[in-house]
Amino acid sequence: MWTMDTHTFYESEAQLRSNIKNSGLGERIRAQTVSSVDAATVDAGLEIRMLYIDGLHTYEGVKADIENWLPRVVPGGVVVFDDYYDERPAIGVRRAVDEMLAGREIHSQDHLIWLRV
Ligand SMILES: C[S@@+](CC[C@H](N)C(=O)[O-])C[C@H]1O[C@@H](n2cnc3c(N)ncnc32)[C@H](O)[C@@H]1O
């Protein structure tokens, strides 16, 4: 599993690394302190079966994540978006998803939505 975070908000890198260590899954998780857009340029051959988008929640941030990462998800793979139903003005998850993924079958539970690619 790959995870990337700029650690500019919410959780420090030290806390993340401690959580990973405590999970017992450390050998399977590759954590990078990098923006999701910069990370998208490495390992272009990587096949992604499950993509979880929970980074920069602005409309522009989510749009960039969709543009950079969705093409890398294998057919039949799943993409999950956090905070789709958050209606605060600065949060643009729903607008970006609805614009860019219109017509797809969306499943939802609590604050998450997911769809197949
Ligand atoms: C709502 S938090 C979720 C954190 C983590 N997924 C969790 O559930 O603990 C959003 C995270 O996105 C990070 N972030 C903000 N802009 C980012 C970007 N351009 N690329 C990658 N991560 C970003 C923030 O540092 C923050 O930790």
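How many bridges join β4 to strand β6, and in which sense do the two run? In this predicted model, β4 and β6 (residues 112-116) are linked by 4 bridges and run antiparallel. Within β6, Trp-114 is the residue that stands opposite Val-80.

Strand β6 has a second partner as well: over 3 bridges, it pairs in the antiparallel sense with β5, which covers residues 107-109. One pairing to look for at the end of this hairpin is that of Gln-109, whose bridge partner in β6 is Leu-112. There are 2 residues between the strands of the β5 and β6 hairpin, and here Asp-110 adopts a positive phi near 55 degrees.

Turning to the interior, the largest nonpolar core comprises 9 residues, namely Ile-53, Val-62, Val-79, Phe-81, Tyr-84, Val-93, Ala-96, Val-97 and Ile-113. At least two residues of this core are supplied by each of β4 (73-81) and α4 (93-100). The largest share, 3 residues, is contributed by α4. Val-93, a member of the core, makes a good starting point for a look at the surroundings. Leaving aside residues up to four places away in sequence, Val-93 touches His-57, Val-62, Phe-81, Asp-83, Tyr-84 and Asp-86. Among these contacts, Val-62, Phe-81 and Tyr-84 also belong to the core.

On the scale of the whole chain, the domain assignment gives domain 1 as residues 1-33 and domain 2 as residues 35-116. The centres of the two domains, taken over C-alpha atoms, are separated by 19 Å.

Note on methods. Residues numbered from 1 in each chain as written. Predicted model: local features only at pLDDT ≥ 70, side-chain atom pairs only at ≥ 80, totals over all residues. Core = buried A, V, L, I, M, F, W, Y, C linked by C-beta atoms within 7 Å. Buried ≥ 20, exposed ≤ 12 C-beta atoms within 10 Å, placed from the backbone. Contact = placed C-beta atoms within 7 Å. Pairing = 2+ DSSP bridges. Domains from an automatic or database assignment.
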